[in-house]
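Student: I would like a close look at a single part of this structure, a residue together with the sheet and helices around it. Please take it in one connected answer.

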Amino acid sequence: MPVEPPDHRVERALRRAGAQVVAGVDEVGRGAWAGPVTVCAAVTGLRRPPQGLTDSKLLTVRRRTELAPVLAEWVTAHALGHASPLECDELGMTAALRLAAIRALEALPVRPDAVILDGKHDYLGGPWQVRTVIKGDQSCVSVAAASVLAKVQRDGMMADLGAHFPAFAFADNAGYPSPVHRAALDEHGPTPHHRLSWSYLDDLPAWRHLRTYRLPDGCLPDGSEQLSLGF
């Protein structure tokens, strides 16, 4: 069934509510075993988007790669933010996503009055005015643009890493689970770019000892509880 192209309905509604600058935000890398989580913030105005724009996952690699530089010229502004594998391990994914999103939003040349997040969960929160939109990367122009720009940027970063770790085929899997990636982990163990708190390590007996666990909020490294001093 054909997917309807994205439009500006949400952006227009936010503008009618008083937001002059609206940024669409999307992430890539949430479910990967290796590499950063990457967030793009894109401000598009209300101009007609380039033909073929939609959620990056619905585009071929070739089409995404062709579309990204066109989008980079077409958008009013865009910026990317990353949270490293170590930050994903230490903070947890929700906080890492928020960190990457804040880095992207603060790198824009103008602060948005409102932010459209893809999905139903607001991982950004205040002081940003956030509108969550399920499948926003398919329905909202600014989020779709952010989706493509984030995906192409992170895929390129992972391909560059893959040149240093050829057994892992990062250029093909972008750090996500795959049979080749799993076999390389089994033989070589995780690289410095792997997330060590992810459960894939539980299935690797030779490397299971490297698994890390994020401490619950309020706990100290020795496992004891941190006392609240009230200030």
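**His82 and its surroundings**

Tutor: In this predicted model, the side chains of His82 and Thr38 make a polar contact at 2.9 Å. His82 belongs to strand S3. Its relative accessible area is 25%, and because buried means under 20% and exposed over 50%, His82 counts as partly exposed.

Leaving out residues up to four places away in sequence, His82 touches Pro36, Val37, Thr38, Glu87, Ala100, Arg103, Gln153 and Met157. Strand S2 covers residues 37-43, helix H4 covers residues 93-107, and helix H6 covers residues 141-162. Gln51 is 31 residues from His82 in sequence, with 28 Å between the two C-alpha atoms.

The strand that holds His82 is part of an open, five-stranded sheet with mixed pairing and the order S3-S2-S1-S4-S5. S3 (77-83) and S5 (130-133) are the edge strands, each pairing on one side only. From one strand to the next, the twist averages 25 degrees. Elsewhere in the sheet, S1 (residues 22-28) pairs with S4 (residues 114-118) in the parallel sense, over four bridges. Gly24 has Ile116 in S4 as its bridge partner.

Two helices lie across S1, S2, S3 and S4. One is H4, which runs at about 145 degrees to S3. The other is H6, which runs at about 40 degrees to S1.

The sheet and these helices also contribute to the largest nonpolar core, which has 38 residues. Two or more residues of this core come from each of S1, S2, S3, H4, S4, H6 and helix H8 (179-188). H4 gives the largest share, eight residues. The members that touch the most others are Val25, Val39, Leu105, Leu108 and Leu124. For Leu105, the contacts beyond four places in sequence are Ala23, Val25, Ala41, Pro112, Val115, Leu124 and Trp128. A second core, separate from this one, has 17 residues, among them Leu67, Leu71, Ala144 and Val148.

To return to the residue at the start: His82 sits in S3, an edge strand of the sheet, and its side chain has a polar contact with that of Thr38.

How values were computed
Residues are numbered from 1 along each chain as its sequence is written. This is a predicted model: local features need pLDDT of at least 70, side-chain atom pairs count only at pLDDT 80 or more; totals for chains, interfaces and linings use all residues. Side-chain values use heavy atoms; hydrogens and water are left out. Two strands pair if DSSP finds at least two bridges between them. Axes are lines fitted to C-alpha atoms, for helices over the stretch in contact, and angles run from 0 to 180 degrees between N-to-C directions. Contact means heavy atoms within 4.5 Å. A nonpolar core is a set of buried Ala, Val, Leu, Ile, Met, Phe, Trp, Tyr and Cys residues joined through side-chain atoms within 4.5 Å. Buried means under 20% relative accessible area, exposed over 50%, partly exposed in between (1.4 Å probe, protein chains only). A polar contact is a pair of N or O atoms within 3.5 Å; within protein, one must be able to donate a hydrogen and the other to accept it, and residues adjacent in sequence count only if both atoms are side-chain atoms.
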